[in-house]
Amino acid sequence: MLTTRVGLQMPAALAYDEWERAGRQLAEVLDSSSWWLGDWLVYGKDHYADRYQRGIRAAGLSYQTLRNYAWVSRRFGHTRRRPALSFQHHAELASMPVEEQDRWLDRAEEGQWTTKQLRGAIRAARQGEQQPPHAAAEPSRRLEVPGSRLQWWHKAAEQLGVDFEQWVMATLDSAAATALEDLGTLEEQREICELKALKGLAAQAAGVGEDNARPELLAERPRPVAISA
């Protein structure tokens, strides 16, 4: 078989076992590339703080996607990554404390869980947790967003195969981490967070570049929409 930039050329007579083995190898490369790109961006940010974005543009890569890869890569050092589990397994756990991450990684590895099984186990564990009788209830807030934007976010989460609530948390955590790393004035931070977060999420959901994100969504009048926890 011959790999090219635009495809995979396979011989006319290919045994099933060879075809299946090639599929596994391609899947491994695809999964590994998420780690590779995440580590690549982390290195660029650490060593070329004033120039790494130019390198991203030169490589023709999506900054929003890379930023998510980098966030997961930072959350899991090389020694804590499980080769038997996919990058997406780790992404499901990235927002958790280290101890919880390792506990869930152990369970997923021992049970040979798929990403969907891991997500379901986490959801079941959260639903089974009971608040201590005298514990103060954690205050909750209601976020008002336009209904169309919420639909875009759901679509983006479904496209990535990620639970919607976890996708929202991971994306916001990633945006916050980036904003805090690139500290400017308080006013500049606020403007960057608002504009980049809105445009980045809209662009990711639509599958277009940030420059092509629909500007009318940014000006759309918000309507109360509850995001259930």
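What share of the 229 residues of the protein counts as buried? In this predicted model, 32% of them do, and the close-up views below show where some of these residues lie.

**View 1. Overall architecture of the predicted model.** The secondary structure comprises 10 helices and 2 strands, and along the sequence these elements follow the order β-β-α-α-α-α-α-α-α-α-α-α. Among contacts with a separation of 6 or more, 59% join residues that are 24 or more positions apart. The protein exposes about 15500 Å², of which carbon and sulfur atoms supply 54%.

**View 2. The largest nonpolar core and a second, separate one.** The largest nonpolar core holds 17 residues, and within it Val 72, Phe 76, Leu 93, Trp 104, Trp 113, Leu 118 and Ile 122 touch the most other members. Two or more residues of this core come from each of the helices α3 (63-75), α4 (87-93), α5 (98-111) and α6 (115-128). A second core, separate from this one, consists of 9 residues, including Leu 150, Trp 152, Ala 156 and Phe 164. In soluble globular proteins, nonpolar side chains tend to be buried together.

**View 3. Surroundings of Leu 93.** When residues up to four places away in sequence are not counted, Leu 93 touches Phe 76, Gln 101, Trp 104, Leu 105, Leu 118 and Ile 122. Of these contact partners, Phe 76, Trp 104, Leu 118 and Ile 122 are also listed, together with Leu 93, among the core residues that touch the most other members.

**View 4. His 89 in helix α4.** His 89 is found in helix α4, and its relative accessibility of 7% lies under the 20% limit, so the residue counts as buried. Leaving aside neighbours within four places in sequence, His 89 is in contact with Ala 108, Trp 113, Thr 114, Thr 115 and Leu 118.

**View 5. The two sides of helix α6.** For the 14 residues of α6, a rise of 1.5 Å a residue gives an expected span of 20 Å, and the end C-alpha atoms are 20 Å apart, in agreement with that expectation. The buried residues of this helix are Thr 115, Leu 118, Arg 119, Ala 121 and Ile 122. Because they cover an arc of only 160 degrees around the axis, these residues lie on the same side of α6. Lys 116, Gln 127 and Gly 128, by contrast, are exposed on the other side of the helix.

**View 6. Aromatic pairs.** The model contains 5 aromatic pairs. One of them joins Tyr 16 and Trp 19, whose rings are 5.6 Å apart centre to centre with 40 degrees between the planes, a tilted arrangement. Both residues lie in helix α1 (residues 16-47), 3 residues apart, or about one turn of the helix. Tyr 16 is exposed, with a relative accessible area of 52%, whereas Trp 19, at 47%, is partly exposed. The pair formed by Trp 104 and Trp 113 is likewise tilted, because the ring centres are 6.4 Å apart and the planes stand at 45 degrees. Trp 104 and Trp 113 are both buried.

**View 7. A cluster of aromatic rings.** Which residues do ring pairs link into a cluster? The cluster is made up of Trp 35, Tyr 69 and Phe 87, which are linked by ring pairs.

Key: Residues are numbered from 1 along each chain as its sequence is written. This is a predicted model: local features need pLDDT of at least 70, side-chain atom pairs count only at pLDDT 80 or more; totals for chains, interfaces and linings use all residues. Side-chain values use heavy atoms; hydrogens and water are left out. A nonpolar core is a set of buried Ala, Val, Leu, Ile, Met, Phe, Trp, Tyr and Cys residues joined through side-chain atoms within 4.5 Å. Buried means under 20% relative accessible area, exposed over 50%, partly exposed in between (1.4 Å probe, protein chains only). Helices (H or I, at least four residues) and strands (E, at least two) are DSSP runs, numbered from the N terminus. Contact means heavy atoms within 4.5 Å. The expected span of a helix is 1.5 Å times one less than its number of residues. The arc is that of the directions from the helix axis to the C-beta atoms. Rings of Phe, Tyr and Trp (its six-membered ring) pair if their centres lie within 6.5 Å; planes under 30 degrees apart count as stacked, over 60 as edge-to-face and the rest as tilted. Accessible areas come from the Shrake-Rupley method with a 1.4 Å probe; for residues, only the protein chains shown count as cover.
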